[in-house]
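The exercises below ask you to read a protein model step by step, with the structure open beside you. Try each task on your own before you turn to its solution.

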Amino acid sequence: ANRELWSWREGDFSKARKRLERKPVSIERTKGSEILFGIAPCALALSQSRRDLFRLFLKQSSGSRRLVMSEFVLQATARGVPVHHVKRRELDALCRGQVHQGVCLEATPLRFKSLEEAEKPDLGDEENPNQQLIWLVLEQIQDPMNLGALLRSAYFLGVDRVVTSQRNSCPLTPTVSKASSGAMEVFDVYSTDDLRSFLKAKTAEGWEVVGTVSKPEDAENVPVISCLEFRWNKPVIIVIGSEGDGLSLETQLLCHRMLAIPPGRALHPGIESLNVSVATGILLHSICSQKLRHGD
């Protein structure tokens, strides 16, 4: 009986030891910091001077990614950022199980810039009075994946500035940076606590304010055209509404026109709209491609 008891206890200790070994080592975080994750966000954050950087965490023995990891070590060393080689489970714990690709970076958060900090674009350029500026305005986008995808498209397609409403909008989190494939690290995002006054002021300055709508019948007292028919010859603001409700009525009424994307088939009820970031990508491409043609 004694021998059985001893072997049971030994087995118990061995299980407990394995449990302890499995438990991620907790890493003490710097106060006020956040954990960026993923190759593109971390590489771009390291290459810019927009965040304070505390520590870089790299996965030990990254096999096929060894070259990428050695590049990270060089970048971090050049910036004076300490590098820690850790096990995968520690990276998993640091970024709460997100897809980190073997890289995490402890840094200060990025904040929205206020419009007061924005340098004024020169619209009175004598050579080009109809300068083709395009700004993207986001009203209450709450999903970080959508916000990241929107920033990635806006950056890629040549949008001059992104402005978001402060109220009910997603902040600039590490998830947004990852979804933007790092575009958030190089592209300023502005915010306003009074979207309506901002749109009225831009209208008074000679900008055209263009809203977006899924179905033409949803627009209230504002003309709706297909994005394929839209032509512009003055600075333009494209306003995108929230994932669930689209643009608020008050914002719709400040728009000169509304744009809709014509579907390619008769749609089945219940699948009559596009994801907000996909729809915005289509609209921006349609509008920005005119800018490119004008610039030829």
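Two strands count as paired if DSSP finds at least two bridges between them. The model used throughout these exercises is a predicted one.

**Exercise 1. Pairing around strand β2**

Task: Determine which strands pair with β2, and in which sense each of them runs.

Solution: Begin with strand β4 (residues 103–107), which pairs with β2 over five bridges in the antiparallel sense. To place this pairing in the model, find L56, which stands opposite L105 in β4. Next, turn to strand β3 (residues 83–86), where four bridges join the strand to β2 in the parallel sense. Here a useful landmark is K59, whose bridge partner in β3 is V86. Finally, look at how β2 itself (residues 53–59) is covered: five of its seven residues are buried, and the strand is described as mostly covered.

**Exercise 2. The open sheet**

Task: Work out the order of the strands in the open sheet of eight strands, and explain why one side of β5 and of β10 is left without a neighbour in the sheet.

Solution: The order of the open sheet is β5-β8-β7-β6-β11-β9-β12-β10, and the pairing is parallel. At the edges stand β5 (113–114) and β10 (224–226), each with a single partner strand, so one side of each has no neighbour in the sheet. Within the sheet, β6 is joined to strand β7 (residues 161–165) by four bridges, and the two strands run parallel. One position to check in this pairing is L136, which has V162 as its bridge partner in β7.

**Exercise 3. Strand β9 and its surroundings**

Task: Decide whether β9 is enclosed or open to the outside, and identify partners for V210 and G211.

Solution: A residue is called buried when its relative accessible area is under 20%. Five of the five residues of β9 meet this description, so the strand is largely enclosed by the rest of the structure. The side chains can then be sorted by direction, since E208, V210 and T212 point one way from β9, while V209 and G211 point the other way, and all of them are buried. On the side of strand β11 (residues 236–240), three bridges join the parallel strands, and V210 stands opposite I238 there. Strand β12 (residues 257–260) is likewise joined to β9 by three bridges in parallel, with G211 opposite M258. As a last step, consider I238 once more: this residue of β11 has 0% relative accessibility and therefore counts as buried. The C-alpha atom of I238 is separated by 6.3 Å from that of W135, although the two residues are 103 residues apart along the chain.

**Exercise 4. Aromatic rings**

Task: Classify the ring pair formed by W135 and W207 as stacked, tilted or edge-to-face, and say where in the chain its two members are found.

Solution: A pair of aromatic rings is described by the distance of the centres and the angle of the planes. For W135 and W207 the centres are 4.7 Å apart and the planes lie at 55°, so the pair is tilted. W135 belongs to strand β6 (residues 134–138), whereas W207 lies in the loop between α7 (195–204) and β9 (208–212), and the pair links these distant parts of the chain across 72 residues. Both W135 and W207 are buried. Widening the view, a search of the whole structure finds three aromatic pairs, and ring pairs link W135, F198 and W207 into a cluster.

**Exercise 5. The largest pocket**

Task: Describe the lining of the largest pocket, and state which helix gives the most residues to this lining.

Solution: The largest pocket has a volume of about 750 Å³. Of the 34 residues that line it, V213, S214, K215, S273 and L274 are the closest to its centre. Sorted by character, the lining residues comprise 16 nonpolar, twelve polar and six charged. Both β12 and α9 (276–295) supply at least two residues of the lining, and α9 gives the most, with four residues.

**Exercise 6. Positive phi angles**

Task: Compare Q140 and N168 by stating whether each is buried or partly exposed.

Solution: Q140 has a positive phi of about 60° although it is not a glycine, and this residue is found in the loop between β6 and α5 (144–157). With a relative accessible area of 18%, Q140 is buried. N168, which is not a glycine either, has a positive phi of about 55° and lies in the loop between β7 and α6 (174–179). Its relative accessible area is 39%, so N168 is partly exposed.

Note on methods. Residues are numbered from 1 along each chain as its sequence is written. This is a predicted model: local features need pLDDT of at least 70, side-chain atom pairs count only at pLDDT 80 or more; totals for chains, interfaces and linings use all residues. Side-chain values use heavy atoms; hydrogens and water are left out. Rings of Phe, Tyr and Trp (its six-membered ring) pair if their centres lie within 6.5 Å; planes under 30 degrees apart count as stacked, over 60 as edge-to-face and the rest as tilted. Buried means under 20% relative accessible area, exposed over 50%, partly exposed in between (1.4 Å probe, protein chains only). On a 1 Å grid over the protein atoms alone, a cavity is a set of points where a 1.4 Å probe fits but cannot get out, and a pocket is an open set with protein on both sides within 12 Å along at least five of seven lines; lining residues have an atom within 4 Å of a point. Grid points are joined across faces, edges and corners, and a volume is the space filled by probe spheres set on the points. Ala, Val, Leu, Ile, Met, Phe, Trp, Tyr, Cys and Pro count as nonpolar, Asp, Glu, Lys and Arg as charged, and the others, Gly among them, as polar.
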